[in-house]
Amino acid sequence: MEFTEIELDNGDIGIGPKCDDGKIKDSKENLNGKSPIDVINHFKYLMYRTSNPPYNGLAGIDIALWDLNGKIQKKSISEILGRKKDNLNNPEEVLIDANKMSEGHEYFRIGGIDISPNNKIMAYSVDTVSRRLYTVNFKNLESGEESSHTISNTSGGVTWANDNKTIFYNQKNINTLRTERVMRHNLDLGKNDEEVFFEADDEFNLYSYKSKSGKYIIVVSGKTISDEIRFLSADKPNENLKVFQKRIDGLEYSVDHLGDKWYIRTNMNGAQNFKLMQCDEEYTSSKNWKEFIQHRKNILLEGVEVFDDFMVIT
């Protein structure tokens, strides 16, 4: 039997199911030298930021990376998917026992775990067919009860609005596996889901997340050389999305929010190594962006994490 293997420089090996050899080869240069811990960001990069996303190889790469995580931390996957509520001195609470849940399945993969802002409901997703078509489930963390309704054909994660009952999720095309729709789901209304955005251009993939400030739901359409972002208030989840800056071929940008400002990492105006710009909350088009960290020809601005009192720049 053949496998996908990812080896660390210390000789540790993570193992996943066999995938398309060509897709694995295409992914090597994007993983070499990177930390195996950051599995989610590796997936997002391979899926959304490469010109030839390794759809047929992602399952093997993903599982091999999680296998490495278990070996590095000397824990099983089920122990990793847990929490220590409120502070690190509290006992570990296992949210999902993947070993038990996988019984009877030839393939089993947890996609994402997203807990409501009030810490009462957990949304988690499962793939049992190895196509990255995840079914989202809901669990009451106070009673331990599982909800009877589920959401199928998703990319795996959900984003909670601040009302603790509205979620946004990304829906896949079951034939092409492209993430092409953002849907809105209200737990009180069951399955009467509403399409929030459809990406008609098949060169683009979608993903969504919540700003670190907790104030905005952000929807990203991206391809290798272009991005377009939409957003709405997490306090008003039934509003329509607003365009942050319309797509332009060659313009790449990503955003996060802090206070009353947006921070934009972008290659605008020939910034090949990217720069950081800033704009007011209400005026988001590129004509309103002001330079915050200038472009440097010999230094790549790879990422920015914003916090109340400082930023982390990589």
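Strands β12 and β13 form a hairpin with 5 residues between them, and Gly214 in the turn has a positive phi of about 80 degrees. Strands here are DSSP runs of E of at least two residues and helices are runs of H or I of at least four, both numbered from the N terminus. The model is a predicted one, in which local features need pLDDT of at least 70 and side-chain atom pairs count only at pLDDT 80 or more, while totals for chains, interfaces and linings use all residues. Residues are numbered from 1 along each chain as its sequence is written, and side-chain values use heavy atoms, with hydrogens and water left out.

Within the hairpin, 6 bridges join β12 to β13 (residues 216-223), and the two run antiparallel. One of the bridge partnerships sets Tyr209 opposite Ile218 of β13. The hairpin belongs to an open sheet of 4 strands in the order β12-β13-β14-β15, with antiparallel pairing; two strands pair if DSSP finds at least two bridges between them. The edges are β12 (205-210) and β15 (242-245), each of which pairs on one side only. From one strand to the next the twist averages 25 degrees, where axes are lines fitted to C-alpha atoms (for helices over the stretch in contact) and angles run from 0 to 180 degrees between N-to-C directions. At the β15 edge, 3 bridges join this strand to β14 (residues 226-233), again antiparallel. Phe231 has Lys242 of β15 as its bridge partner.

Aromatic rings add another layer to this picture. Rings of Phe, Tyr and Trp (its six-membered ring) pair if their centres lie within 6.5 Å; planes under 30 degrees apart count as stacked, over 60 as edge-to-face and the rest as tilted. By this rule there are 11 aromatic pairs. Tyr207 and Tyr209 have ring centres 6.2 Å apart and planes at 20 degrees, so this pair is stacked. Phe231 and Phe244, in contrast, are edge-to-face, at 5.9 Å centre to centre with 70 degrees between the planes. Because Phe231 lies in strand β14 and Phe244 in strand β15, their pair ties together parts that are 13 residues apart in sequence. Phe231 is buried at 6% relative accessible area, and Phe244 is buried too, at 1%; buried means under 20%, exposed over 50% and partly exposed in between (1.4 Å probe, protein chains only). Ring pairs link both residues with Tyr216, Tyr253, Trp262 and Trp289 into a cluster.

Arg184 offers a view from another strand, β10 (residues 179-186). Is Arg184 buried or exposed? With a relative accessible area of 6%, Arg184 is buried. Beyond its neighbours within four places in sequence, its contacts (heavy atoms within 4.5 Å) include Thr166, Phe168, Asp193, Leu232 and Pro237. Arg184 and Pro237 are 53 residues apart in sequence, yet their C-alpha atoms are 8.5 Å apart in space. A polar atom of the Arg184 side chain also lies 3.3 Å from the backbone oxygen of Glu239.

Asn10 makes a friendly counterpoint, sitting in the loop between β1 (3-7) and β2 (13-17). Asn10 counts as exposed, at 52% relative accessibility. Its side chain reaches the backbone nitrogen of Asp12 at 2.9 Å.

For the chain overall, there are 5 helices and 21 strands. Of its 314 residues, 46% count as buried. Residues 24 or more positions apart account for 39% of the contacts with a separation of 6 or more.

How values were computed: Polar contact = N/O pair within 3.5 Å; in protein donor to acceptor, adjacent residues only side chain to side chain.
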